[in-house]
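I opened this notebook to record what I looked up in one structure. The entries run from the whole chain to single residues.

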Amino acid sequence: MSNVENAAVNNTQGKLYQAPNDSERIEALLPNDCVQSHASNIMPLENGDFLCVWFAGSQEGIADISIYMSRLNQGESEWSVPVKLSEDSTRSEQNPILFPTPDGKLWLIYTAQKSGNQDTAIVRYRISEDNGYTWGPIETLFDTPGTFVRQPIVVLDNGEWLIPIFYCHVAPGKKWVGDDDTSAVKISADNGKTWTEYPVPNSVGCVHMNVEKLHDGSLLALYRSRWADNVYLSRSKDNGRTWTEPVATELPNNNSSIQFAVLNNGHLAIVFNNISAASAKERRLSLYDEIEDEEDSENAVEPAIAEEIDPNKKTAFWGTPRAPMTIAISEDNGQTWPYKRDIEVGDGYCMTNNSKEKLNREYSYPSIKQTSDGKIHVTFTYFRQTIKYVRVTEEWVKG
């Protein structure tokens, strides 16, 4: 990645530049022609290229939302113009993840839902045999309605593939609001042909399960919390067959996505919004309360009504600010996170998902990977208008 330009003279989307007043930080705003962009995942390839996928269109939940991908070739300093990789004009296609398989193929996996109803989502995939330049047909991976993905596949020590999922549950006749979502993993011993599911016990409200293999061979999972209180944690010592119940960590969560990576030295690095609902002054009804759907309007239910029916039932908290975007380091397998540094700061306003008026000011849905040279690569949603790329090191985080 040479020929990095200074931010003061860089005004072209996609070009890498040195952050102002920070010689140890490189960044870029990825090219984008859509009104809204969200939920990126970055993936380094063995040939040195980087790929980044996300969803874009007019607004999350609307059927013009599709999957896009940009590439940063090894040795180059500009992300490519995005290419569209999904094509269903009847569903909102979201939460893409990339999986370079051990046999050299590249999988793209993503969700496809009707309108703003996550309980209708299914999971689709397609495969590339040339590092993402061309792609095979789109097929269905998981067809149970309400199945969602967000985090990458893990290859276990025994060669099996593990993909974390979460289920968007909804009571009959009601509209999905996120109160009853649960997590599980699916494991394949035949390169993705068949899958066996293993649920996470007592995981209601713990979603976006992010699994990584620690240097001791065990698995660590970190979760987003629908209650917007803390990042949650569970562990597995038997290749994902059984999991401890999720417990709150010291890290706050705002009911927005997180992602962590195991670094080359065994330390962990997480990217997250360092804030919880305890700091929120406003509350939205749901993620999709702006989307009008005449077919489902008669079945809609608001969280307040559910609370009146069952005052002891927890309800998902939407609307906590999505800022700052923070990176933290753990040196003890996730027990403590003593080192933290903000990547981006702001008020994080996210009471609207409508990007046409450019009112949203969130930094959210981060993705993080480390390469063999020690560089840490992060992408995240920038004001729901584009995806931002940032490159730092563990030393940068620790100051």
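The entries below cover the overall fold, the surface and charges, the cysteines and one phenylalanine.

**Entry 1. Status and fold.** I note at the outset that this is a predicted model. I looked up the secondary structure and found two helices and 27 strands in the chain. I then turned to the radius of gyration, which is 20 Å, close to the 21 Å that the globule rule gives for 399 residues, so the chain is as compact as a globular protein of that length. For the extents, I recorded a C-alpha trace that spans about 60 × 50 × 45 Å along its principal axes.

**Entry 2. Burial and contacts.** I asked what share of the residues counts as buried. The value is 60% of the 399 residues of the chain. I also looked up how contacts are distributed along the sequence: among those with a separation of 6 or more, 56% are between residues 24 or more positions apart.

**Entry 3. Surface and charge.** I recorded an exposed area of about 16,000 Å² for the chain, of which carbon and sulfur atoms supply 46%. I next considered the charges, 37 positive and 56 negative. Their mean positions lie 2 Å apart.

**Entry 4. Cysteines.** I searched the whole structure for disulfides and obtained zero. For Cys34, which is in no disulfide, I noted that the nearest cysteine sulfur belongs to Cys52 and is 14 Å away. I then asked whether Cys168 could be paired, and what its closest cysteine sulfur is. That sulfur is in Cys206, at 14 Å from the sulfur of Cys168, which is too far for a bond; the cut-off for a disulfide is 2.5 Å. I compared the settings of these two cysteines: Cys34 is partly exposed, with a relative accessible area of 22%, whereas Cys168 counts as buried at 4% relative accessibility.

**Entry 5. Phe166.** I located Phe166 in strand S14, which covers residues 161–167. Is Phe166 buried or exposed? Phe166 counts as buried, because its relative accessibility is 2% and the limit for buried is under 20%. I listed its contacts beyond four places in sequence, and these include Gly146, Thr147, Phe148 and Val149. Also among the residues that Phe166 touches are Gln118, Thr182, Ser183, Val207, His208 and Arg226. Finally, I looked up the separation between Phe166 and Phe260, which are 94 residues apart along the chain. Their C-alpha atoms are separated by 17 Å.

Conventions
Residues are numbered from 1 along each chain as its sequence is written. This is a predicted model: local features need pLDDT of at least 70, side-chain atom pairs count only at pLDDT 80 or more; totals for chains, interfaces and linings use all residues. Side-chain values use heavy atoms; hydrogens and water are left out. Helices (H or I, at least four residues) and strands (E, at least two) are DSSP runs, numbered from the N terminus. The radius of gyration is taken over C-alpha atoms; the globule rule is 2.2 Å times the number of residues to the power 0.38. Buried means under 20% relative accessible area, exposed over 50%, partly exposed in between (1.4 Å probe, protein chains only). Contact means heavy atoms within 4.5 Å. Accessible areas come from the Shrake-Rupley method with a 1.4 Å probe; for residues, only the protein chains shown count as cover. Lys and Arg count as positive and Asp and Glu as negative; His and the chain ends are not counted. The place of a charge is taken as NZ of Lys, CZ of Arg, CG of Asp or CD of Glu.
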